[in-house]
Amino acid sequence: MNYKVPVIPGDGIGPEIIAEGKKVLEAAADKHGFSIDWTEYPLDAETLIREEKLVKSGEFYISKGPVIEEETLKELEKYRAIYLGAIGDPRVKPGVLEKGILLSMRFYLDQYVNLRPVKLLEGVWTPLKDKGPKEIDFVVVRENTEDFYIGIGSRARRGISHADFEVKRSLYKIKFGLDVDTDSEEIGYQIGEVSKEGCRRVIKYAFDLAMKRGQKVSSVDKANVLSEIYGFWREVFLDVAAGYPQVKHDFNFVDAITMWFVKNPEWFDVIVAPNMFGDIITDLGAMIQGGLGLAPGANLNPEGTSMFEPIHGSAPKYRGQNKVNPIATIWAGAMLLEHLGEAAAAKDVVAAIERNLFEGGIKTYDMGGSSTTSEVGTEISRLVHLV
Ligand code: IPM
Ligand code: MN
């Protein structure tokens, strides 16, 4: 079997960590009798500046048109899984690459589940006192295409103005026409939106996952304040929950769940959260599982094209130093293999990561070691053949 996988190394440390991910996945492919052909997509700031898709404006580079062409998105849509490094060159105005590349792909490819396992592996230090691998083992299912991420908002100055917005989705379309009348000097506003279809599919995904893991689904919201958007989320949640009488469920306000992550992480099995809260709590989740260097993520469209990436950013200050931890990216690669149906190979990659961490001899600086990015990748590739 041969798989064709597009790979977007990105910028900052992206190319270095992706190189190690590819190395380990190729070792797993070798062991399990399949092969992977990588097609590289150079969607990094350097290339985009050279191609004049990013142009200098004042202190930063900004985009002239779409950062990814629709043509490229259409091409990517033909694949089942994309492997992504990290994006976020500091020369570019904050938000341009994040929205232009990462969010563009999540939205265009309708990757409505952002799956983020929070699992403390054996031998990894956690800042939580008296908690170990038995207590820290849950999955966050983050909604990935709605909420405050839909990009609707603007500024308005004193007086009367009008703004039109349109969101076109594969599921539905919405238009907002807003009349703004303010006597403030200037306001900024952003609209969050969730739909019945959008909530239902991701909550259903969480319940199906809990059926396999066998325990419960915890919802995250702020229905006590943002009662329209998250009160609605709760209604849909209850509706979906009614179809799964075997699975327990509970509701958590987002502020409170950050507290429980620290005090009682063992309470959780599957957590389902709207986009922005899911973003916030998974950075906390990453910390309790040993740090951002270990936290993988999958942007899933179970019916279409999914994308696998570490949840951390591109750490520009470490770029080119062969220093950062490649494990989050390698682990995301294991999720990619599992998605392609190579479950045994995926399991071996995770087992090799676990063994590397447990043995503890070859590790990067963030874990108290002094090995390089590529030494860790090479070691995990070697261990893939031994586990
Ligand atoms: C993440 C990141 C992104 C997000 C940014 C870079 C747009 O923080 O994947 O968690 O907010 O989703
Ligand atoms: Mn984030």
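Good morning. Two helices count as roughly parallel when the angle between them is under 35 degrees. The structure before us is a predicted model, and that cut-off serves for its opening pair of helices.

Helix α7, residues 254-263, packs against helix α8, residues 275-288, at an angle of about 10°. The two axes lie 10 Å apart. With that angle, α7 and α8 are therefore roughly parallel to each other. On the α7 side, the residues that meet α8 are V254, I257, T258, F261 and V262. Facing them in α8 are F277, I281, L284, G285 and I288. By character, this contact comprises eight nonpolar residues, two polar ones and no charged ones.

Let me turn to a second pair, helix α9, residues 327-339, and helix α10, residues 343-359. Their axes are 7 Å apart, and the packing angle is about 160°. That angle makes α9 roughly antiparallel to α10, and the crossing of the two is left-handed. From α9, the contact draws on I327, I330, W331, A334, L337 and E338. From α10, it draws on A345, A346, V349, V350, I353, N356 and L357. Eleven of the residues in this contact are nonpolar, one is polar and one is charged.

Helix α10 also takes part in a third pairing, with helix α1, residues 14-32. Here the axes come within 9 Å and cross at roughly 130°. How, then, are α1 and α10 arranged relative to each other? Angles over 145 degrees would count as roughly antiparallel, and those from 65 to 115 as roughly perpendicular; α1 and α10 are therefore oblique to each other. The crossing of α1 with α10 is right-handed. V24, A28, K31 and H32 of α1 make the contact with A344, A345, D348 and V349 of α10. This contact divides into five nonpolar residues, one polar and two charged. I would draw your attention to A345 and V349 of α10, which appear in the contact with α1 and are also listed in the contact with α9.

Finally, I come to the ligand. Which residues are found around ligand 1? They are E98, L102, R106, R116, R142, Y149 and D279. For R106, a polar side-chain atom lies 2.7 Å from an oxygen atom of the ligand. For Y149, an N or O atom of the side chain is 2.5 Å from a ligand oxygen. For D279, the corresponding distance from a side-chain N or O atom to an oxygen atom of ligand 1 is 2.8 Å. D279 falls within the residue range of helix α8, 275-288, the helix with which this presentation began. Thank you.

Technical notes. Residues are numbered from 1 along each chain as its sequence is written. Chains are lettered from A and ligands numbered from 1 in the order in which they are written. This is a predicted model: local features need pLDDT of at least 70, side-chain atom pairs count only at pLDDT 80 or more; totals for chains, interfaces and linings use all residues. Side-chain values use heavy atoms; hydrogens and water are left out. Axes are lines fitted to C-alpha atoms, for helices over the stretch in contact, and angles run from 0 to 180 degrees between N-to-C directions. Helices (H or I, at least four residues) and strands (E, at least two) are DSSP runs, numbered from the N terminus. A crossing is left-handed if the near helix is turned anticlockwise from the far one by less than a right angle, and right-handed if clockwise. Contact means heavy atoms within 4.5 Å. Ala, Val, Leu, Ile, Met, Phe, Trp, Tyr, Cys and Pro count as nonpolar, Asp, Glu, Lys and Arg as charged, and the others, Gly among them, as polar. A residue is near a molecule or strand if one of its heavy atoms lies within 4 Å of it. A polar contact is a pair of N or O atoms within 3.5 Å; within protein, one must be able to donate a hydrogen and the other to accept it, and residues adjacent in sequence count only if both atoms are side-chain atoms.
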